[in-house]
Amino acid sequence: MRILWKPFGFLRRLLKVNSCSITKPESLNPLAWTLLTRKFGKAPGIFLLGERKRFSTMPEIETNQRDSELFSPPSDVRGMTKLDRTAFKKTVTLPVLKVRKEIVNKLMQALKRAALKRPGIKRVIEDPENEENRLIMLDPYKMSSDDSFEKAELVILKQLNVNPQISKYNLELTYENFKSEEILRAVLPEGEDVTSGFSRVGHIAHLNLRDHQLPFKHLIGQVMIDKNPGITSAVNKISNIDNTYRNFQMEVLSGEENMMTKVREYNYSYEFDFSKVYWNPRLSTEHSRITELLKPGDVLFDVFAGVGPFAIPVAKKNCTVFANDLNPESYKWLVHNCKLNKVDQKVKVFNLDGKDFLQGPVRDELIQQLGPMSKERKHSLHIVMNLPAKAIEFLGAFKSLLDGQPCSSERLPIVHCYSFSKDVNPAEDVQQRIRAVLGISVEACSSVHLVRNVAPNKEMLCITFQIPAAILYKNLENHEGPPLKRQKTDKACSEEKTQITLKI
């Protein structure tokens, strides 16, 4: 079994690392130690506890902490539930350097270290006392006095005839100058988690707010709209995903109530009503991964197709696609998106229950693809089952699906089945559940790919395997003719080395 995974929650449970301390070995030369600390300093969950004076381990955190002190909104906005933008006015005193306006461009490169780096605040402003001058905003933590300039900077200042004397300037900050995370951290109860991320679906920001954030939900929604260009509506999920149609109830927190949206994913366009269908932008990489597995001429059966994120890219590769979804709205937009992306002639669309689709159109096509008249077939057959909450249950539909003489093992369909797991060993958990449904194990000749960490201690996985002939065909032991060439003997499969790929 091959296990492919990324270091999300699964990584933490697999490694079970509680702490890590790195100290400098006496025998390690300074260059090697520096390279080592640079490498491990970037790894998640690893902190350099030794050599604090010699190495700056997390400068970005130190910078953020300093910025939060100086550039945080006024303290009296704490507890605000209805957004009042005027309450975010604040005056800060910053160091500035007076220069002639004609030399600003020449000077800025030389003062790259010393200049203020703060999104939303201009580095150069007009001098209110002299229109021929400009004020260059300086970093208040680096430039506290005239002696703060480095030697190279002083040389440039002298060449350009600039007085290195630092002045003070009172800058008024407003709501527009603060980041969304800074605003929410100032408003929400101190110490509580802050929502600054969301899933973007066209013009819609989709949030999953926690209980302590709900009293501030309308303010949070408006801040997301204000601080993210192109977002005109913010919604919050108020129910779990329905396992029948894979949609959920949502509440519009702020902005327009129009849920008709258009998204682009890997150069393909999808239009749909987000309130009535399932769409998850966090699966874009997975859509691409499966698409890359298929070659021109292959056949894809997409059992739970949604609005087409697997079916359409695969069809664009000159593959034949059978796409199905039980949700009438998903079916409608699937048909629409196939036309929109000009693959409607390559995709056959169905509006059936997953089991009926497998035992109807899929079975009929497999009879044609695996029959005695198609022995020269070179293309592969793939079946995608992206319904993580229930897809494993549908695997039972493959049992005794076909009659007749079994085909050779290399021509058997390849299944990509998705599932959730809260088990401490997600891969093993999924394998056991598949065995319970099929009655045989596919562990030896399968691969498990960790798609993403859905929630704390909950993973989404994809298991890929070829359907065993003993499952797919009826009364296999009664068939006459040449013995079936097996996919791989259990012994051969068990001798395969388990491959673990870390993507950090």
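**Close-up views of a predicted model**

**View 1. Leu395 is in contact with Met385, Val415, Cys417, Ile434, Val437, Leu438 and Phe465, when residues up to four places away in sequence are not counted.** A contact means heavy atoms within 4.5 Å. The model is predicted, so local features need pLDDT of at least 70 and side-chain atom pairs count only at pLDDT 80 or more, whereas totals for chains, interfaces and linings use all residues. Residues are numbered from 1 along each chain as its sequence is written, and side-chain values use heavy atoms, with hydrogens and water left out. Leu395 is, with Met385 and Phe398, among the residues with the most contacts inside the largest nonpolar core, which has 41 residues. Helix α11, residues 354–370, gives the most to this core, with 5 residues. Apart from this core lies another, of 38 residues, including Ile204, Trp279, Leu294 and Ala311. A nonpolar core is a set of buried Ala, Val, Leu, Ile, Met, Phe, Trp, Tyr and Cys residues joined through side-chain atoms within 4.5 Å. Buried means under 20% relative accessible area, exposed over 50%, and partly exposed in between (1.4 Å probe, protein chains only). In soluble globular proteins, nonpolar side chains tend to be buried together.

**View 2. The whole protein chain has 15 helices and 19 strands.** Helices (H or I, at least four residues) and strands (E, at least two) are DSSP runs, numbered from the N terminus. The chain has 504 residues, of which 44% count as buried. Among contacts between residues at least 6 apart in sequence, 69% join residues at least 24 apart.

**View 3. Cys462 is buried, and the structure has 0 disulfides.** A disulfide is a pair of cysteine sulfur atoms within 2.5 Å. The closest cysteine sulfur to that of Cys462 belongs to Cys417 and is 7.6 Å away, which is too far for a bond. The relative accessible area of Cys462 is 1%. Another buried cysteine is Cys319, at 2% relative accessibility.

**View 4. Asn161 and Tyr266 are residues other than glycine with positive phi.** The phi of Asn161 is about 60 degrees. Asn161 is in the loop between α5 (151–159) and β5 (166–173), and is exposed, with a relative accessible area of 63%. The phi of Tyr266 is near 50 degrees. Tyr266 is in the loop between β10 (260–265) and β11 (268–273), and is partly exposed, at 45% relative accessible area.

**View 5. Phe310 and Tyr418 form a tilted aromatic pair.** Rings of Phe, Tyr and Trp (its six-membered ring) pair if their centres lie within 6.5 Å; planes under 30 degrees apart count as stacked, over 60 as edge-to-face and the rest as tilted. By this rule there are 8 aromatic pairs. In the pair of Phe310 and Tyr418, the ring centres are 6.2 Å apart and the planes meet at 40 degrees. Phe310 is in the loop between β12 (299–302) and α9 (311–315), while Tyr418 is in strand β16 (residues 414–421), so the pair ties together parts that are 108 residues apart in sequence. Both residues are buried. Elsewhere, Phe301, Phe322, Phe350 and Phe357 form one aromatic cluster.

**View 6. The charged ends of Arg85 and Lys227 sit over the ring of Tyr175.** A charge sits over a ring if NZ of Lys or CZ of Arg is within 6 Å of the ring centre and within 35 degrees of the ring normal. For Arg85 the distance to the ring centre is 5.6 Å. For Lys227 the distance is 4.6 Å.

**View 7. Ser421, in strand β16, is a buried residue with polar contacts.** A polar contact is a pair of N or O atoms within 3.5 Å; within protein, one must be able to donate a hydrogen and the other to accept it, and residues adjacent in sequence count only if both atoms are side-chain atoms. The side chain of Ser421 makes such a contact with the side chain of Asp429, at 2.7 Å. A polar atom of the Ser421 side chain also lies 3.2 Å from the backbone nitrogen of Asp423. Ser421 has a relative accessible area of 2%. Leaving aside neighbours within four places in sequence, Ser421 touches residues including Pro426, Val430, Arg433 and Leu461.

**View 8. Arg118 and Glu182 are joined by a polar contact between their side chains, 2.7 Å long.** Arg118 is in the loop between α4 (104–110) and β3 (124–127). At 5% relative accessibility, Arg118 counts as buried. Beyond its neighbours within four places in sequence, Arg118 is in contact with Phe71, Asn177, Phe178, Lys179 and Glu182.
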